[in-house]
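Visitor: Could you show me how to read helix packing and cysteines in a model like this one?
Guide: Gladly; let's look together.

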Amino acid sequence: MIGHDAKAAKGFFDKTYVTGGMKTLLRQGLQRLAGTDRQAIFELKQAMGGGKTHSMLALGYLAANPSLFSLVDGEITKGIKLPSAAKVVAISGRSISREKHLWGDIAEQLGKVEQFLPFYKGAPSAPNEKDWIALIGDQPTLILLDELPPYFRNAITQSVGGGTLADVTTFAVSNLLSAALKLPRLCIVISNLSGAYEGATKEITAMVAKATRDLQNETGRQAKGITPVELGSDEIYSILRTRLLNAQPNPKTVDAVSTAFSDAISDAVKSKAVAKSATQIADEIAASYPFHPSFKHILALFKENERFRQTRGLMTMAALMVKSALARPTNDVFLVGCQHIDLSNPDVRDAITNVYDLSGAIAHDIAGTGAERAHAQTIDDQMDNDSASQVARLVLMASLSEANDAVKGLAKAEVVQNLVAPYRSPIEFDEAFEKLRTECWYMHRKENDAWYFSKNENLKKKIEKYAATAPQPKIDTEMERRLTMVFEPKRRNAYSLVLPLPKIEDIKTNGERILLVLSPDKRVPPEEAERLFNAVAEKNNFCVVTGDGTDLAKLEDKVRRIWATAKVMQEDGGERSPNLAELEEEAETAEFEFNSALINLFNRVYYPARLPKGGIEGLAYAALKLVERRSKDGGPATIDGEAAVEEALSATGASKLILDLSAEQTMTSLRTRAEDMLWGTTERKTRWKDVEERAICNVRWPWLPLRGLDEIKRAALSNGQWRDNGDGYVEKGPFPAAKTSVKVVTRGYDDQTGVATIELTATDAGPNGKIHYAQASDVSAKSPIVPDLIMERDERRRKRSRSARSPQGRFRLIRTGRSS
């Protein structure tokens with residue numbers, strides 16, 4: 001207040017918007033100085049930079065210059081008449097005299113320094129209530145006490161008697177407050193005494209808190225609390241317009257902008273992108289113009305941060321927003337909002353990180369520096385607009401609260417609602433949000449679905465870090481396990497064994513038929529597969545699944561992500577993880593991407609054949625169509641690689657695999673081909689082991705389901721086209737017709753009666769043969785046929801057939817088959 005005149009006061013009020021809290025302080029403070037109000041003490045309750053000092057100055061100007069009452073609203077000064085200009089004492093805790101102390105400085109500004117000489121000369125001592133009354137008297141007096149905690153921080157380090165200077169000061173101020181109740185024209189305004197101060201250690205902060213707590217308790221019993229500026233109210237917009245604009249906005253302009261936003265919101269409501277009504281946004285814009293109505297809500301999230309200077313910080317933030325909006329390459333800003341903050345400007349970036357340091361999120365996710373592009377910038381490039389940057393900047397500003405349990409962040413619907421503007425569709429912001437959600441490293445989701453940026457990397461970044469540093473042997477093992485699982489032979493029609501990514505020199509082809517999964521190769525056939533084919537004798541005992549040139553590293557990346565996601569979930573508590581939903585979503589995405597990469601990567605299956613060109617033996621290929629199938633019970637999607645290989649090899653183009661052996665014509669054809677390809681000699685007789693060996697060596701021989709060759713053998717033997725002599729050899733037909741005969745077996749004979757029971761079996765008689773019998777040796781086709789019943793004879797005689805006789809006497813016949 002020292003040196004300020006009426007001209008300075010006028011300039012001050014020209015740039016001052018009188019808030020509700022300030023209005024209360026001015027009117028009641030002036031009434032107290034006039035002796036008409038009993039409220040003597042006012043405590044301004046707001047953090048540093050919240051307008052306390054500005055409010056004190058406003059009251060001080062009017063108290064010292066009653067002629068300036070006209071500079072404020074007449075409702076404030078109505079009916080107030082000061083008997084004389086008030087004496088104004090302004091004390092700042094940052095400039096209290098070391099020699100005179102706080103009470104000596106008050107006496108000096110009142111022009112009565114000698115009167116308090118005994119209290120500061122020598123050892124400091126506190127004036128009592130009577131001393132203060134005698135010093136101040138009945139003249140209107142305004143005492144402004146600002147920023148006392150820094151003074152107490154120093155005072156607690158100075159010993160006085162059995163205590164400290166802070167103890168003496170607390171007692172002195174307490175006596176002053178008590179005296180104020182007895183001095184009708186004394187008004188004391190004291191700023192908030194709570195809060196830690198930058199640079200103080202925890203110990204000093206605790207001691208300052210203790211020293212000021214007693215004084216604050218004393219103040220609280222007598223003072224009226226006033227908040228100079230309500231940062232969550234619309235009056236912040238009035239302050240900003242007063243302080244930042246050269247002139248108040250034209251009402252027609254405000255109406256036009258409100259209408260444009262109402263139309264944009266109406267369209268968004270129709271598409272169900274936002275819930276806010278057009279009327280609501282119009283009313284809000286009328287109060288907030290030229291700022292977006294969301295600004296006060298975003299500001300309210302971090303206004304309690306220790307390093308945010310409340311009203312002062314508000315004006316700094318708004319000025320940076322305006323500066324950023326004006327610097328945009330296109331004139332497309334209708335309302336200035338947090339989304340327009342230009343983080344590429346070092347001053348702007350420093351101002352934001354000073355409120356709460358989210359440098360990592362800014363650099364990697366929102367606005368990179370130099371050649372390093374952040375995720376939002378990359379998405380902007382892809383979408384050919386700045387939607388992602390606007391979304392990221394808005395979410396960043398909603399993430400600046402430093403309290404651990406603070407409300408922070410915005411839900412997706414809130415983000416879109418606050419960004420919808422004329423000529424900007426909600427769809428583009430919705431799409432940008434989804435891309436950011438999946439790409440950002442420092443973006444997190446709270447349980448209430450609010451998204452915010454943090455100092456810590458999110459699960460996505462942690463997964464990426466683990467994926468990049470995963471041990472190669474573990475990834476190789478997981479890759480092999482997954483490929484084996486995809487091509488697992490369950491039916492074993494085309495192959496019985498899977499070897500994923502094997503070393504060629506380790507492959508043994510003389511056993512079960514093998515499916516090899518090899519890294520894609522642009523060569524036809526792949527170099528490794530051709531090398532194996534040329535090196536082994538069992539050329540017809542393997543097939544190769546591969547691709548036509550895509551790099552296997554892409555599939556490895558997907559495996560790394562799956563492995564890393566599982567590791568993060570395990571570390572995060574498994575099924576009890578607080579981030580279970582997000583981790584399950586990451587795992588599902590990783591599985592989907594793995595399957596997609598696998599389907600695109602492996603698109604050919606090579607099989608042994610005689611090649612059309614040149615008629616040489618080699619590896620031909622068929623198109624492999626892997627398909628992802630969703631589980632009916634909601635389980636993970638799967639790929640049946642075995643079915644895809646079967647389909648490719650049995651298709652008309654390849655015709656390598658024959659799956660159905662039930663048709664007689666098929667079996668006949670295969671028997672004929674086996675005799676042609678697998679006998680290997682002009683001899684009718686060959687060792688069966690040699691047949692099996694030739695089947696896995698001759699590329700012309702088709703592939704059959706497991707034990708299919710044995711099925712051909714059984715069918716040929718049952719039809720009499722082959723014979724198995726029981727010595728490991730098989731003989732092929734045609735064979736000379738066999739002579740018919742009857743096999744006679746005696747089943748029983750009664751010595752007493754002479755009755756015999758015999759069993760007759762026809763051999764080499766075909767399926768419809770008949771057995772004839774006669775009493776004499778002249779049996780013929782005209783003789784009776786052995787009936788289906790038991791026959792008894794009383795006399796003893798011979799029973800003859802074509803090639804067998806029964807014992808003499810009565811006998812019983814059991815027919816087991818018919819032959820002739």
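Guide: What follows is a short talk about two helices and two cysteines. This is a predicted model, where local features need pLDDT of at least 70, side-chain atom pairs count only at pLDDT 80 or more, and totals for chains, interfaces and linings use all residues. Residues are numbered from 1 along each chain as its sequence is written, and side-chain values use heavy atoms, leaving out hydrogens and water.

Visitor: How are α14 and α15 oriented to each other?
Guide: Two packed helices are described by the angle between their axes and the distance between the axes. Here α14 (residues 294-302) and α15 (residues 310-326) pack at about 135°, with axes 12 Å apart. Helices are DSSP runs (H or I, at least four residues), and axes are lines fitted to C-alpha atoms over the stretch in contact, with angles from 0 to 180 degrees between N-to-C directions. The two helices are therefore oblique to each other; the word covers angles that are not under 35 degrees, over 145 or 65 to 115.

Visitor: Which residues of α14 and α15 meet?
Guide: Phe295, Leu299 and Phe302 in α14 meet Leu314, Met317, Ala318 and Met321 in α15, where contact means heavy atoms within 4.5 Å.

Visitor: How many disulfides does the structure hold?
Guide: A disulfide is a pair of cysteine sulfur atoms within 2.5 Å, and the structure holds zero. For Cys543, the nearest cysteine sulfur is that of Cys697, 16 Å away.

Visitor: Is Cys543 buried or exposed?
Guide: Cys543 is buried (under 20% relative accessible area, with a 1.4 Å probe and protein chains only), at 0%. Cys697 is partly exposed at 23%, a class that runs from 20% to 50%.
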